Structures are given as structure tokens and as C-alpha cells.
Amino acid sequence: MSSTGTLFTVSAPSGAGKTSLVAALATSYDRLQVSVSHTTRTQRPGEADGTNYHFVSEAQFVEMLDRSEFLEHARVFDNLYGTSQIWVEQQLATGIDVILEIDWQGAQQIKRLLPDSRSIFILPPSRETLQLRLTSRAQDEEAIIAQRMSAAIEEMSHYLESDYLIVNDIFQQALDDLQAVIASQRLRTDKQMKTQADLLLNLLS
């Protein structure tokens, strides 16, 4: 018997490295899927529609919102982001864990709707490191970088609302920490009672 999957939310200020960490994490486990959000923001060089995001117009996004198709949604830096509710529910029902890369607003919405979800917050080791990471992307104008840095302090203050806190200083250590979170949830007794049902029956009969 398969156990219901766990929904994990991963939040961080822009430049903290959550996308790289989640991408590496996704290759570490079977039965783990990263949700692909819908967004109205402009597609960046190197991004693929349906892989990084589902890129839609604001009119399309509003239509989906009117049809209640999003599990959560938020406006971030003048762009809209949302998570498909049907897709997430289908994955969890088949025992697959799902990771959502969302901002703290979305994580709050998820926690209210699904109290059994687990929230993870990723912090940079310093403001200087965060500034360097944003600048080295060479994808955003200076005004955008300044805007993101200004918003980062407010975003980081919401770490208190998360279940787990990880500092991304050394990448491998941060990845190890993320893997430990996933493993700990899968080893919970209520989940093991389902995934190890045959073994438990054999041992105790």
C-alpha cells in the first residue's frame, strides 16, 4: 500500500539559491516531483516553457483564477504566480512527494489549506553573498537588483513561519540538509505503517 505523498514548500529571497538546491534534490529521490508554477513574468534566456514555468498572459492567469484552478497564487514584483491544484492533488494521491518553490505568501496559503504540508525556508549566509549572487546572474538590470535586495529583508523575516530553516553557505551541506528533511518525513511512523505494511504484518503475525 502506498502512503499519501507529502507537500513541501521551499521559500527564500531571490538569490538565496533555492532553485539550484531543489533541482539537485529532485535527482536524489524517486517519487519526488517539483511543481511547475504558472507565471505571467517574462521568460528568461535559457528557460523552457513547461519546465521552468508555464508562461501565460495575465488574461490567461486571471481566467484560471476565476475557475479556481490554483492551490495558491500571489503577485510578486508585479508578476503573478500560481500552483495548479489538480496536478498537486493527483501527485500526492499516488504517493509522490511534491515540492513547491514559492514565496512566503504562497507558503502561508498552503499551510492554511494543507496543515500537514512541510515548509522549508532557505537563507543566504550574509547580505553580501546575496548581493553578489544577484549581481552575478547578469540577467536583471541594476534597478531590479536593488528592488530585490530591498525586498529581501522583509522576505527573510518570514523564516519564523517555516518548519525547517536551512542556510545555503556551502551548497553540498545545504543539499544534505534538504535531503534530511525529505528522509525524516518519509520515515514517520504513520507513513511507514503503509509503505511497510506487508513487513509489519509478517513480523507481528
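In the predicted model, D190 and R188 are joined by a salt bridge in which the closest N and O atoms lie 2.8 Å apart. Both partners of this pair fall into the intermediate class of solvent accessibility: D190 counts as partly exposed at a relative accessibility of 39%, and R188, with a relative accessible area of 26%, is likewise partly exposed. The contact belongs to a set of 6 salt bridges that the structure holds.

Another salt bridge of the set is formed between the side chains of R75 and E58, with an N to O distance of 3.2 Å. Because R75 is located in strand β5, which spans residues 70–76, while E58 is located in helix α2, which spans residues 58–66, this pair ties together parts of the chain that are 17 residues apart in sequence. With regard to solvent, R75 is partly exposed, its relative accessible area being 42%, and for E58 a relative accessible area of 42% also corresponds to the partly exposed class.

A salt bridge is also found between R186 and D97, for which the closest N and O atoms are separated by 2.7 Å. Here the pair links distant parts of the chain, as R186 belongs to helix α7 (residues 171–186) and D97 to strand β7 (residues 97–101), the two residues being 89 residues apart. Both R186 and D97 are buried, each thus having a relative accessible area under 20%, whereas R75 and E58 are partly exposed, as are D190 and R188.

How values were computed. Residues are numbered from 1 along each chain as its sequence is written. This is a predicted model: local features need pLDDT of at least 70, side-chain atom pairs count only at pLDDT 80 or more; totals for chains, interfaces and linings use all residues. Side-chain values use heavy atoms; hydrogens and water are left out. A salt bridge is a side-chain nitrogen of Lys or Arg within 4 Å of a carboxyl oxygen of Asp or Glu. Helices (H or I, at least four residues) and strands (E, at least two) are DSSP runs, numbered from the N terminus. Buried means under 20% relative accessible area, exposed over 50%, partly exposed in between (1.4 Å probe, protein chains only).
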